[in-house]
Amino acid sequence: MSLLQEEREIILSNEYVDAFDFAEVAEFVSNASKELFISHHFAKRQKMLVQPRGGFPTYEQQYALYEYFVNANVDVLPLTIDSNTRLNDYATAKKMLRLSEENDMDMLNGYPLVTHGYRTTRKMITHFDKPVSLRHGTPDARLLIETAIASGIFEIEGGPITYLLPYSKNFPLDKAFLYWKYVERVCANYSELNEPINRESFGPLTATLVPPAITIVIQLLEMLLSLEEGVKSFSVSFAQQGSMNQDIVTGAVIKKLARYYAEQIGCGDAAINLVYHQWMGAFPTNQDYADQLINLATVIASMVGADKIITKTRQEATGIPTKEANAKTVADTQYTLRILNGLPNVVDEEEEEILTLEVKAIMEAVFNDPADTLWRKVFNSIKNGIIDVPFSPHIINQNEMITIRDAQKNIRIIERGNVPIPDKCYEYEKAQCDLTKDTTGIVNDIIHDIGIMQ
Amino acid sequence: MKVVTGVVGNDIHVVANRLIDLSLRARGYDVFNLGVNTHLEEFFDAVVETGAEVLMISSLNGEAEGWGREVKLLKSKYKTLDDVIMMIGGNLVVGSGNTEEIMSRYKNYGFDLVCHQVDLNSGLDMLQELLEQRGIS
């Protein structure tokens, strides 16, 4: 028996798992409907796929949500996991699920997949016969993704960096890399049985003034960590940044460089897709304005040439949205996509060149780390600040980089910290901003820049 | 002037914490930022360890209300904290409340400066004034 299989048996011999049948699950994946695989839909490239967000505690609620989504002509269904399951606290998830079922009140902020189990969840997923995307935020997702794939969920979001640095203060980053290595290998192995399992990175990170160079570097590194384990279908992603031009430039550079670095490691055969998140920062409380913001994001996603868009709702500012509001966004986004025709092709060569130079310089510094494996190089680079994520709560993050918006609302680096932004690019970024202000002025600008959409 | 700062409890709101850090440094303080998700004992331990003159706690999700009640009891277990200036700011209650009442409640918990929904720079000006009054700025 392989080491991986031994580890899988340990992970799945969990008191919260009802007898995991490896052979039966492999049989299920081998014969599963092609419709369930988002990689199959990406390969057809017919339209930008629309995926909302959403997860409720009980089976019945989740089923009802999916019915609303399907009626709104959804392309990809989400399964958002509750925060107890994300933190591997299955006992609390189980208790809170019971309380949610017994009282007419939600005690969980998502669907406790491990608690429901794959036999139950698979019934729902095969019934709707739509691709489902697993949305979680789990540093140790080993049991969760085993349960997901066994349920018919063939897209797994996340990664060791993007699911840790925005969410955790002190979960050890080195452990996260090793837990995600397991995820990549399991996804790669199942991919040999049918269409590929798609892995997706979480580009929005902290959704707070993250400059595109940092976003792209982390997307590329998580992609490489995944492809080197044998994953054949991967989505890089980023969120609306606040400037249409910066989004278009980011999209162009990330597409070009994802292809370039995949080929560099001999994985040019993998399918690479681009996902765009509608605005992930603070939303306006005025729901009509929220709809306008969502619509604008859909237009930009089209300009960017995204393969999938992940939607928000008009209730974003107030909490977990109702299924009605959530379905409305899906229908609205589909309508906008249908009427958006004849888009101009916008190219900003100067900005593309600057961003490309920045990304390549950081990537080179990561590769030059003396460690022997890629994940250790990346770990060291985060630890020593070669990669620095603005507003990450994690203790390993350097927090030396400072970013603000220029007059066009592009996110600019005005303090690079230890990140090896080439001098030429650094001067260019700073030249776009008014740097005559004192720190109090800059802090006020940052507060303003974070809240631009409100 | 040394300041220990951080966000109390299981509160992960990091943005204000980073801005407090930046602003304090700009005003010339020596900042020991414990970040988000910090428990009361960690704050007091850090003040002892660094010899800080100011402890500045922030809270966004309103958890401070629960923690505030434990300040006096816990502080009494430390011998050297009597002269430390205790400041708290942010959103100090869950939901809404009367600012005057909130202020007097937190003063009773043992805080010298209470900034409920006060903007960052005004709060830091208040700290400056208090330090000057006490002749330690």
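These are my notebook entries on a sheet and some helices of chain A in a predicted model.

**Conventions.** I number residues from 1 along each chain as its sequence is written, and chains are lettered from A in the order in which they are written. Because the model is predicted, local features need pLDDT of at least 70 and side-chain atom pairs count only at pLDDT 80 or more, while totals for chains, interfaces and linings use all residues.

**Sheet.** I looked up the strands (DSSP runs of E, at least two residues, numbered from the N terminus) and found 8 of them in an open, parallel sheet of chain A with the order 1-8-7-6-5-4-3-2. Strand 1 (49-51) and strand 2 (77-80) are the edge strands, each pairing on one side only, where pairing requires at least two DSSP bridges between two strands. I then checked strand 4 (residues 155-157) and strand 5 (residues 198-200), which run parallel and are joined by 3 bridges; Ile156(A) has Arg199(A) of strand 5 as its bridge partner.

**Helix 16.** Next I took helix 16 (residues 374-383) of chain A, a helix being a DSSP run of H or I with at least four residues. Its buried residues (20 or more other C-beta atoms within 10 Å of their own, C-beta atoms being placed from the backbone) are Trp375(A), Val378(A), Phe379(A), Ser381(A) and Ile382(A). Seen down the helix axis, these residues fall within an arc of 165 degrees (taken from the directions from the axis to the C-beta atoms), so they line one face of helix 16. Just after helix 16, I noted that Gly385(A) takes a positive phi of about 85 degrees.

Notes: A residue is buried if 20 or more other C-beta atoms lie within 10 Å of its own, exposed if 12 or fewer, and partly exposed in between; C-beta atoms are placed from the backbone.
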